[in-house]
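Subject: Handover of a structure and notes on it

Dear colleague,

I am passing on the structure we spoke about, together with notes on what was found in it. Please look through it first and then read on.

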Amino acid sequence: MSRTRRPGPQPGAAMTSSPWILVAAGVVVMVVLLVVALGSVRGRRTFPAAGPADPVMSLPHVAPTPTAVTPTGPSPVSATAAVVPGLSPRSTLLPARPTPAAPTPSPRGVARPVLPPTPSPTPPSAVTGRYSVPSAFDGGFIGEVLLVNTARTARGWTVRAVFPGGRLVTAWVEGAEQGVFRFDDGVFTYRSGFDLAPGQSLPVRFHIERAGTRPVSCTVDGTPCAER
């Protein structure tokens, strides 16, 4: 009679028979792997350590630029310049733009009155005259203009005397050829009928009524007469 041999317990049968043992073993393995992974990460530095931060530069205070005054009104000017990012701290602040100068009116835009040309002064006449009154009487007088040619050549002449309100009776030249005379609105004019020789002198006389003995003006070729 033979005996039947019972199989003995196989290895791992206890572990397979209890599932909680497998779960606990798996948790332990995972914890060990996590600890190993954290240790390897701390031992290595994947990223370099951050260096010191860039220094912060404070911008200088810019005083407000005064307002430029123009003839048409004040024009506001920006007080500070714009800051452009990305530049070096030494050149972060840009220089301010120059203030535009106040516009001045263009001389071409101003209408100026056109003035007449200034007449050149009349040169003194070479023939001079001296006024006098040889005789005076009731109601009139005899006036005289003594002519003298101071030039080196012969010269013509014109005598002009003003007697407001007067009346001319006659006029003549003593001892010489007669010229042409007229009297209009108190103005007596006598034009020579001949030229005075150099250094020559002669009197022009006229009879005036209803006027004073002194004329308002007396000229020879535009030059005032002297009096004697």
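Does Arg182 count as buried or exposed? With a relative accessibility of 52%, Arg182 counts as exposed. Before going further, please keep in mind that this is a predicted model, and that the values below were computed from it.

Arg182 has a charged partner, since it forms a salt bridge with Asp184 in which the closest N and O atoms are 2.6 Å apart. Asp184 itself is partly exposed, its relative accessible area being 37%.

As for the overall layout, the chain contains two helices and twelve strands, and along the sequence both helices come before the strands, in the pattern α-α-β-β-β-β-β-β-β-β-β-β-β-β. Of its 228 residues, 20% count as buried, and the accessible surface comes to about 17800 Å², with 61% of it belonging to carbon and sulfur atoms. Among the contacts with a separation of 6 or more, 64% are between residues that are 24 or more positions apart.

Five of the strands make up an open sheet, in the order β7-β8-β5-β10-β11 and with antiparallel pairing. At its edges are β7 (180-184) and β11 (223-224), each of which pairs on one side only. On one side of this sheet, β7 pairs with β8 (residues 187-191) in the antiparallel sense over five bridges, and within that pairing Phe181 stands opposite Tyr190 in β8. The hairpin of these two strands has two residues between them, and Asp185 takes a positive phi near 50° there. At the β11 end, strand β10 (residues 217-220) is joined to β11 by two bridges, the two strands running antiparallel, and Thr219 has Pro224 in β11 as its bridge partner.

A residue from another part of the chain comes into contact with this region, namely Ser125, which is placed in the loop between β2 (73-75) and β3 (127-137). Ser125 counts as buried, because its relative accessibility is 14%, under the 20% cut-off. Apart from neighbours within four places in sequence, Ser125 is in contact with Val220, Asp221 and Thr223, and its side chain is joined to that of Asp221 by a polar contact of 3.1 Å.

The count of salt bridges comes to five. One of them is between Arg167 and Glu209, whose closest N and O atoms are 2.5 Å apart; Arg167 lies in strand β6 (residues 167-173) and Glu209 in strand β9 (residues 201-209), so the pair ties together parts that are 42 residues apart in sequence. Arg167 counts as partly exposed, at 37% relative accessibility. Another salt bridge is formed by Glu174 and Arg205, with 3.6 Å between the closest N and O atoms, and since Glu174 lies in the loop between β6 and β7 while Arg205 lies in strand β9, this pair ties together parts that are 31 residues apart in sequence. Both partners count as partly exposed, Glu174 at 33% relative accessibility and Arg205 at 26%. Salt bridges that share partners join Glu174 and Arg205 with Glu144 into one network.

Finally, a nonpolar surface patch of about 530 Å² is made by Trp20, Val23, Val27, Val31 and Val35. Trp20 is placed in helix α2 (residues 19-43) and is exposed, with a relative accessible area of 69%.

With kind regards

Note on methods:
Residues are numbered from 1 along each chain as its sequence is written. This is a predicted model: local features need pLDDT of at least 70, side-chain atom pairs count only at pLDDT 80 or more; totals for chains, interfaces and linings use all residues. Side-chain values use heavy atoms; hydrogens and water are left out. Two strands pair if DSSP finds at least two bridges between them. Helices (H or I, at least four residues) and strands (E, at least two) are DSSP runs, numbered from the N terminus. Buried means under 20% relative accessible area, exposed over 50%, partly exposed in between (1.4 Å probe, protein chains only). Contact means heavy atoms within 4.5 Å. Accessible areas come from the Shrake-Rupley method with a 1.4 Å probe; for residues, only the protein chains shown count as cover. Patches are made of residues with over 30% relative accessible area and no salt bridge: like charges are joined within 9 Å, nonpolar side chains (Val, Leu, Ile, Met, Phe, Trp, Tyr) within 5 Å. A salt bridge is a side-chain nitrogen of Lys or Arg within 4 Å of a carboxyl oxygen of Asp or Glu. A polar contact is a pair of N or O atoms within 3.5 Å; within protein, one must be able to donate a hydrogen and the other to accept it, and residues adjacent in sequence count only if both atoms are side-chain atoms.
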